[in-house]
Amino acid sequence: NLWPAVTTTLTNRLYSQYAGQTYFTVTGYLSVATTLFVNVVSSVYTAAWIKIAHQFALHDHPTVTRAMKNAGFTVLLASAACAGLMLLLTEPVLHALNVPPVFGADARLYYILYLIAYLPSALAALFITIVNGIGSSRRIFWINIIVICANLLAAVLLLAVFRMKLIGAALSSALGAALHLLVYWFLFRREGYFRAGERFRPDWMQTAAILRDSVPIALQNLFCTAGYLIVTLQANRLLPSDYITVLSVSLPLTGIMSAITSAGLAFVPPNFAAGNAAHIRAFLRLSLVCCVLYGALCCLLYLT
């Protein structure tokens, strides 16, 4: 949580210096669409982890490798389908988000690149969830530090080195995700996974089960973020672009909540599969206390 506070400040400076204020304005106007897209995709990789988590306890490397490959295939399939649908609706979406004509071309470019480039990010999100779920606390710590550093490195390369401006800002998460995937590939190979030379064949039954279980998770995400989405749409319609720009500047305040979310994704599915209801209740009590206390602290910070 301390390290992202530093890296977020650095990446904000990179975006400001090399992509300009336009980046923050465009991302502010597009936040409703990108948030909806990310929430749908996250529901798929969450469902995928829930479906395959119990298999790691069997220590059957070929079976687990096939399960991970199929989970990755399902996540990519769902991400590509959602991205394709949203790309077809590009003009209606930009119109619904009330993007001003002066930012129309930049918003369209960022929107298209973001959707296309999110595919490796979705795959990386699945595998960091798996790594967090099966690793020791020490490995979870250093892997997540590497992930944060890779994101910063991607931003430095595309913005400061190659000077790709708004295009670099849109593609930086994809490059960061590609770097993450290299780390995960090395890690899983070292532990004996992904070594079999057998040809991959999709398990359509498992894919259907993952997609089926992702629907209630996606609906839950939609209901939980409905207020944010409505307020943001109204802000796009009624408030000046300078205000939208300020709203989109990322502040390193949500790290605690993100850490608890990651811990929940890692901890709950295997314990649920094993029937450890007492462990899950204890985790939920602890996370509730932490979230309420940290939420109160953030509220005091904003009030001050």
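# Exercises on helices, cores and rings

In α8, the buried residues are Gln 206, Thr 207, Ala 209, Ile 210, Ser 214, Ile 217, Thr 225, Leu 229, Thr 232, Ala 235 and Asn 236. Buried means under 20% relative accessible area, exposed means over 50%, and partly exposed lies in between (1.4 Å probe, protein chains only). Helices (H or I, at least four residues) and strands (E, at least two) are DSSP runs, numbered from the N terminus.

This is a predicted model: local features need pLDDT of at least 70, side-chain atom pairs count only at pLDDT 80 or more, and totals for chains, interfaces and linings use all residues. Residues are numbered from 1 along each chain as its sequence is written, and side-chain values use heavy atoms, with hydrogens and water left out.

## Exercise 1: Helix α8

Find where helix α8 is kinked, and name the helices that its buried residues pack against.

**Solution.**

Step 1. Locate the helix. α8 covers residues 204-238.

Step 2. Find the bend. This is the angle between axes fitted to the seven residues ending at a residue and the seven starting there. The kink in α8 is about 55 degrees and is centred on Thr 225. Thr 225 is among the buried residues of α8.

Step 3. List the partners. The buried residues of α8 pack against α2 (21-52), α3 (61-88) and α9 (241-247). Contact means heavy atoms within 4.5 Å.

Step 4. Look at one partner in α2. Ser 43 is in that helix. Its relative accessibility is 1%, so Ser 43 counts as buried. Leaving aside neighbours within four places in sequence, Ser 43 is in contact with Ser 214, Ile 217, Ala 218 and Asn 221.

## Exercise 2: The nonpolar core

Work out how many residues the largest nonpolar core has, and which helix gives the most to it.

**Solution.**

Step 1. Fix the rule. A nonpolar core is a set of buried Ala, Val, Leu, Ile, Met, Phe, Trp, Tyr and Cys residues joined through side-chain atoms within 4.5 Å.

Step 2. Count. The largest core has 69 residues. Met 68, Phe 127, Ile 130, Tyr 184 and Phe 188 have the most contacts inside it.

Step 3. Sort by helix. α1 (2-19), α2, α3, α4 (90-96), α5 (104-134), α6 (137-161), α7 (165-190) and α8 each supply at least two residues of this core. α5 gives the most, with 16 residues.

Step 4. Zoom in on Ile 130. Not counting neighbours within four places in sequence, Ile 130 is in contact with Trp 49, Ile 52, Phe 56, Met 68 and Phe 188.

## Exercise 3: Aromatic pairs

Describe the geometry of the ring pair Tyr 23 and Tyr 110, then that of Tyr 29 and Phe 103.

**Solution.**

Step 1. Fix the rule. Rings of Phe, Tyr and Trp (its six-membered ring) pair if their centres lie within 6.5 Å; planes under 30 degrees apart count as stacked, over 60 as edge-to-face and the rest as tilted. The count by this rule is 17 aromatic pairs.

Step 2. Take Tyr 23 and Tyr 110. Their centres are 6.0 Å apart and their planes are at 70 degrees, an edge-to-face pair. Tyr 23 is in helix α2 and Tyr 110 is in helix α5, so the pair ties together parts that are 87 residues apart in sequence. Tyr 23 is buried at 11% relative accessibility. Tyr 110 is buried at 7%.

Step 3. Take Tyr 29 and Phe 103. This pair is tilted: 6.5 Å centre to centre, with 35 degrees between the planes. Tyr 29 is in helix α2, Phe 103 is in the loop between α4 and α5, and they are 74 residues apart. Both Tyr 29 and Phe 103 are buried.

Step 4. Join the pairs. Ring pairs link Tyr 15, Tyr 23, Phe 24, Phe 37, Tyr 110, Tyr 114 and Tyr 118 into a cluster.

## Exercise 4: Cysteines

Explain why Cys 82 has no disulfide bond to Cys 224.

**Solution.**

Step 1. Fix the rule. A disulfide is a pair of cysteine sulfur atoms within 2.5 Å. The whole structure has 0 disulfides.

Step 2. Check the distance. The closest cysteine sulfur to that of Cys 82 is in Cys 224, 18 Å away, which is too far for a bond.

Step 3. Check a second case. Cys 290 is in no disulfide either, and the nearest cysteine sulfur, that of Cys 291, is 6.9 Å away.

## Exercise 5: Positive phi

Compare His 59 and Phe 194: is each buried or exposed?

**Solution.**

Step 1. Recall the background. Most residues other than glycine have a negative phi.

Step 2. Take His 59. Its phi is near 55 degrees, a positive value. His 59 lies in the loop between α2 and α3. At 61% relative accessibility, His 59 is exposed.

Step 3. Take Phe 194. Its phi is near 60 degrees, also positive. Phe 194 is in the loop between α7 and α8. At 10% relative accessibility, Phe 194 is buried.
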